[in-house]
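Dear colleague,

Here is the structure you are taking over. Please open it first, then read the notes below.

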Amino acid sequence: MKIAIIGAGPGGLTLARTLHVLGLESTVYEREPSRDARGQGGMLDLHADTGQLALRAAGLHAGFLALARREGQDLRLLDETGTLLLQQDTPDDAPMDRPEIDRADLRDLLLDSLPAGTVRWGKALADATHFDDGSTLEYDVLVGADGARSRVRPLLTDAQPAPIGVETVELGIPDVDRTHPYLSTVLGRGNYWALGPGQGLSAQRNGSGRVRVYLTFENRDRPALTKEALAEAFADWGPDVPALIRACDDVIVPRTITTLPVGLRWTPHPAVTLIGDAAHLMPPSGEGANQAMLDGAELAQALASDPGYPAAAIRAYEAMMFPRTADAARRSAQIRKMVSAGAHEMLTFFTR
Ligand SMILES: Cc1cc2nc3c(=O)[nH]c(=O)nc-3n(C[C@H](O)[C@H](O)[C@H](O)COP(=O)(O)OP(=O)(O)OC[C@H]3O[C@@H](n4cnc5c(N)ncnc54)[C@H](O)[C@@H]3O)c2cc1C
């Protein structure tokens with residue numbers, strides 16, 4: 001059985017690795033030209049009942065625990081005046097329920113666990129049958145793990161991601177302990193969230209000492225993409241918030257948040273399916289990568305249970321995936337709503 005996976009994100013790589021563990025080989029086609037072509041972004045918290053469960057199926061849980069940062073679960077929650085509403089410091093013996101891992105470390109863990117040649121770099125799928133370089137895609141089973149703008153999805157559904165009225169801007173403070181020691185203590189070891197109605201700053205310490213800073217603007221025009229204009233948009237907040245923005249370097253990345261319809265389904269296809277964001281893009285709230293990885297593990301298990309009959313495996317996988325990810329998308333939408341209401345609403349959620 002020729003299994004073609006489009007996309008070497010967390011979902012596609014977990015699928016390829018779990019298939020390998022279960023005795024099935026696959027080919028992952030990735031549009032990036034090489035493994036180091038692009039920075040992988042910030043941290044992911046992997047949950048015991050989804051992302052970590054997938055890593056267990058992939059035989060990589062011990063490797064994950066060796067790389068994960070327990071203290072990355074720490075949280076400081078502030079309102080727009082700078083009042084600290086909640087501080088959660090993770091004890092040294094706390095369970096590893098949701099530890100953080102650098103995306104780059106997770107990707108290396110998965111890539112290093114695959115037989116050489118499994119990932120074909122520089123292969124961008126152009127349409128259902130061809131790559132950008134003109135070569136033909138051949139498969140018995142095709143899995144779209146190619147994220148929000150999937151080229152495989154149109155084989156199954158006309159649904160497209162739509163904006164939800166949230167604009168984000170990502171910035172970063174390099175080597176924060178050395179460059180900004182005061183802000184380093186303000187941020188703590190994990191997550192720092194300053195949330196007002198319709199606007200917020202969240203910051204997260206990465207393993208490398210870089211702090212990623214995400215600004216969110218809801219249902220309003222995003223300020224100009226300069227540090228000064230962005231800091232000015234928070235001028236009447238507690239003083240640490242504009243200071244954090246001014247401490248960032250000049251790499252400024254805007255994003256428009258889009259999602260697929262909650263509970264999206266399609267009529268099963270005998271040879272084609274989707275995993276991860278390609279299937280159920282949801283607002284970023286700590287679920288997307290976790291669900292993508294569990295999709296990968298569950299699809300691998302279904303395919304391996306009867307390798308001669310992939311159509312049944314795809315149906316069985318989708319019957320599990322649709323309700324599970326619809327629940328996660330609903331939760332994500334609720335969390336998004338609370339975040340946009342501001343820190344006091346989030347406090348109620350956490351204390352409940
Ligand atoms: C700012 C931000 C923070 C987030 N934080 C979290 C978090 O803390 N926890 C969490 O669980 N989730 C988080 N998410 C969501 C998470 O990033 C995604 O849900 C997750 O990466 C989806 O994994 P995936 O494998 O489905 O797709 P992706 O990670 O998007 O990977 C898709 C891969 O396919 C490749 N590709 C795309 N098109 C093609 C093509 N035509 N041909 C070949 N290859 C192609 C891409 O290059 C990429 O490597 C966050 C998202 C954002 C934007």
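Two strands pair if DSSP finds at least two bridges between them. Strands (E, at least two residues) and helices (H or I, at least four) are DSSP runs, numbered from the N terminus. Strand 8 (residues 141-144) and strand 14 meet this with three bridges, in the parallel sense. Within that pair, Val143 stands opposite Thr273 of strand 14.

This is a predicted model: local features need pLDDT of at least 70, side-chain atom pairs count only at pLDDT 80 or more, and totals for chains, interfaces and linings use all residues. Residues are numbered from 1 along each chain as its sequence is written.

The sheet: five strands form an open sheet with parallel pairing, in the order 7-2-1-8-14. Strand 7 (119-121) and strand 14 (272-274) are the edges, each pairing on one side only. From one strand to the next, the twist averages 20° (axes are lines fitted to C-alpha atoms, for helices over the stretch in contact; angles run from 0 to 180 degrees between N-to-C directions).

Helix 1 (residues 10-21) lies across strand 1 (3-6), strand 2 (27-30) and strand 8. Its direction is at about 155° to strand 1. Contact means C-beta atoms, placed from the backbone, within 7 Å.

The ligand: 29 residues surround it (C-beta atom, placed from the backbone, within 6 Å of it). Gly7, Gly9, Gly147, Gly276 and Gly288 are the closest. Elements giving two or more residues to this shell include helix 1, strand 2 and helix 10 (288-305). Helix 10 gives the largest share, four residues.

Best regards

Terms used: Two residues are in contact if their C-beta atoms, placed from the backbone, lie within 7 Å.
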